[in-house]
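Q: I would love a close look at one part of this model, followed by a walk through its surroundings. Could you take me through it step by step?

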Amino acid sequence: MTEVEAALADAHRREWARVLAATARVARDLDLAEECVQDAYASAMTAWDRSGVPDNPGAWLTTAAKRRAIDAIRRDAALRSRLPLLVVDDEEEPVHPEGRDVEKLSEAVPDERLRLIFVCCHPALAQEAQAALTLRLVCGLPVPDIARAFLVTEPTMAARITRAKKKIATARIPYRVPRPADLPERLRAVLAVIHLLFTTGHTAPSGAALVRADLVDRAVHLARMLCDLMPGDAEARGLLALLLVTDARRATRVDADGRLLRLKDQDRSRWDRAALAEADAMIVSSLRAAPPGRYVLQAAIASLYAEAPAYDQTDWPQLVALYDRLLQVWPSPVVALNRAVPLSMVAGPEAALAEVERLEGDERLSGYQYLPAIKADLLSRLGRPAEAAAAYRQAFDLAANEAERAFLDRMARAGSLF
């Protein structure tokens, strides 16, 4: 990678949201703002290669994107009247008392990315549309990766994002920083966005590396800021605890050669004990404060896996009980599939296989590679190596991350030897 390519990649990770926010104030439209920002990044490749990387790449990109937006508006004078305002200028709207609340929010949320997430999670949009739109615009994730996160096809996700943008334009929804009083109704969507951002980084949907550390670190940072903003919310604490517990294993998820290691094969002595202890304290306090929600229960499950001295010494019955409670508050097919793992340790692999085969009829999991992967493991434990190899091969065909594909290929080849 050249110096310019490295600088652009770093600027995309660090500056995308800030550049987009500044451009949106000029463009007054999500599509136009995104297009101008993309053009600015593309032009930077040639300009920086010719003149060198600027001292402040973010400022350079912001200026370039805003100029493109102004040029586009001048070419189409009607654009301003038919597209919604992302951020309303003071001179075009009278100052209301709520303006002071906006200032307070800006002071309370110094990170512009978190403010943008709250802005994009507008209650007029369906929650999945809010999350998808935010991941695309604020976090800069490509549509294929977002589609994988939502267990839908790429065309379906592209259409969903397009419909969300059209609804904003048609309904003339004013996108402005919400007042503090409006934050609670947007919190659920904001939590989902941060969780999806982390999940996308924890196991990258595509590419050679298993982990995208920049996305993981960004998600943890945003979760911490959210806890500071809403310290009394148990689910916000639960989300941060979940991210900390899950990321505590980062250093042990691949071996020295970059090969994926299963949980039972990881060196637990290398896990981040400080992160695990911090998460445990938040989980305990959240469980005592109120009936646990989705993220608190997920954090408790992850912590139960982590606190066991060894994989075989995990409290499997307690895990099944926690998954049962999680299914009550979040009836997701992914949760039901993950429950099959501890169930196999309590009731045996045959009982778990019956649950996995039942879930094969759920079309939402039709492209989810972890279903055939879990099925393959259960078949292998039942002494059915040929069927296990076929299931591993099916998971291999569905996976796009190279580290996962290499692992699944090894398992399929090992099964075919018997």
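Which residue lies over the face of Trp330, and at what distance from the ring centre?

A: Happy to take you there, with one note before we start: this is a predicted model. The residue you are asking about is Arg294, placed over the face of Trp330 at 3.6 Å from the ring centre. A second arrangement of this kind involves Arg393, which lies over the face of Phe396 at 5.1 Å from the ring centre.

To place these in context, here is the overall picture. The protein has 20 helices and zero strands. Of its 418 residues, 51% are buried. The accessible surface comes to about 19700 Å², and carbon and sulfur atoms contribute 51% of that. Among contacts with a separation of 6 or more, 65% are between residues 24 or more positions apart.

From arginines over rings, we can turn to rings paired with rings. A pair of aromatic rings is described by the distance of the centres and the angle of the planes. The structure holds five aromatic pairs. One of them joins Trp16 and Tyr41 in a tilted arrangement, 5.7 Å centre to centre with 40° between the planes. Trp16 belongs to helix α1 (residues 3-27) and Tyr41 to helix α2 (residues 30-51), so this pair links distant parts of the chain, 25 residues apart. Both partners lie under the 20% cut-off for burial: Trp16 is buried at 4% relative accessibility, and Tyr41 is buried at 9%.

Another pair brings together Trp48 and Trp60: their ring centres are 5.5 Å apart and the planes meet at 75°, so the pair is edge-to-face. Trp48 lies in helix α2 and Trp60 in helix α3 (residues 57-75), so the pair ties together parts that are twelve residues apart in sequence. Here the two partners fall into separate classes: Trp48 is buried at 2% relative accessibility, whereas Trp60 is partly exposed at 28%. Elsewhere, ring pairs link Tyr305, Tyr311 and Trp316 into a cluster.

Glu15 lets us stay with helix α1 a little longer, since that helix is where Glu15 is placed. Glu15 counts as partly exposed, with 22% relative accessibility. Leaving out residues up to four places away in sequence, Glu15 touches Tyr41 and Gly58. That brings us back to Tyr41, the ring partner of Trp16. Glu15 and Leu61 are 46 residues apart in sequence, yet their C-alpha atoms are 8.7 Å apart in space.

Next comes helix α12, with 14 residues. From its first C-alpha to its last, α12 reaches 20 Å, close to the 20 Å expected at 1.5 Å a residue. Of its 14 residues, 14 are buried, so α12 is largely enclosed by the rest of the structure. The N-terminal end of α12 is capped by Asp233, with a side-chain oxygen 3.1 Å from the backbone nitrogen of Glu235.

The loop between α12 (234-247) and α13 (273-289) holds Gln266. With a relative accessible area of 8%, Gln266 is buried. Its contacts, leaving aside neighbours within four places in sequence, are with Arg249, Thr252, Arg253, Leu261 and Trp271.

A second glutamine makes a nice companion to that one. Gln369 sits in the loop between α17 (349-359) and α18 (370-381), and Gln369 is buried, with a relative accessible area of 10%. Beyond four places in sequence, Gln369 touches Arg148, Ala395, Leu398, Ala399 and Glu404. With Glu404, there is also a polar contact of 3.4 Å between the side chains.

One last stop concerns the backbone. Most residues other than glycine have a negative phi. Leu151, in contrast, has a positive phi, near 60°. The place of Leu151 is in the loop between α8 (143-150) and α9 (154-171). Leu151 is partly exposed, with a relative accessible area of 25%.

To return to your starting point, Arg294 over the face of Trp330 is the place to begin viewing, and the Trp16 and Tyr41 pair is a good next stop.

How values were computed:
Residues numbered from 1 in each chain as written. Predicted model: local features only at pLDDT ≥ 70, side-chain atom pairs only at ≥ 80, totals over all residues. Heavy atoms only, no water. Helix = DSSP H or I, 4+ residues; strand = E, 2+ residues; numbered from the N terminus. Buried < 20%, exposed > 50% of the residue type's maximum accessible area, 1.4 Å probe, protein only. Contact = heavy atoms within 4.5 Å. Areas by Shrake-Rupley, 256 points an atom, 1.4 Å probe, with all protein chains shown as cover. Phe/Tyr/Trp six-rings, centres within 6.5 Å; stacked < 30°, edge-to-face > 60°. Lys NZ or Arg CZ within 6 Å of the ring centre and 35° of its normal. Expected span 1.5 Å × (residues − 1). Polar contact = N/O pair within 3.5 Å; in protein donor to acceptor, adjacent residues only side chain to side chain.
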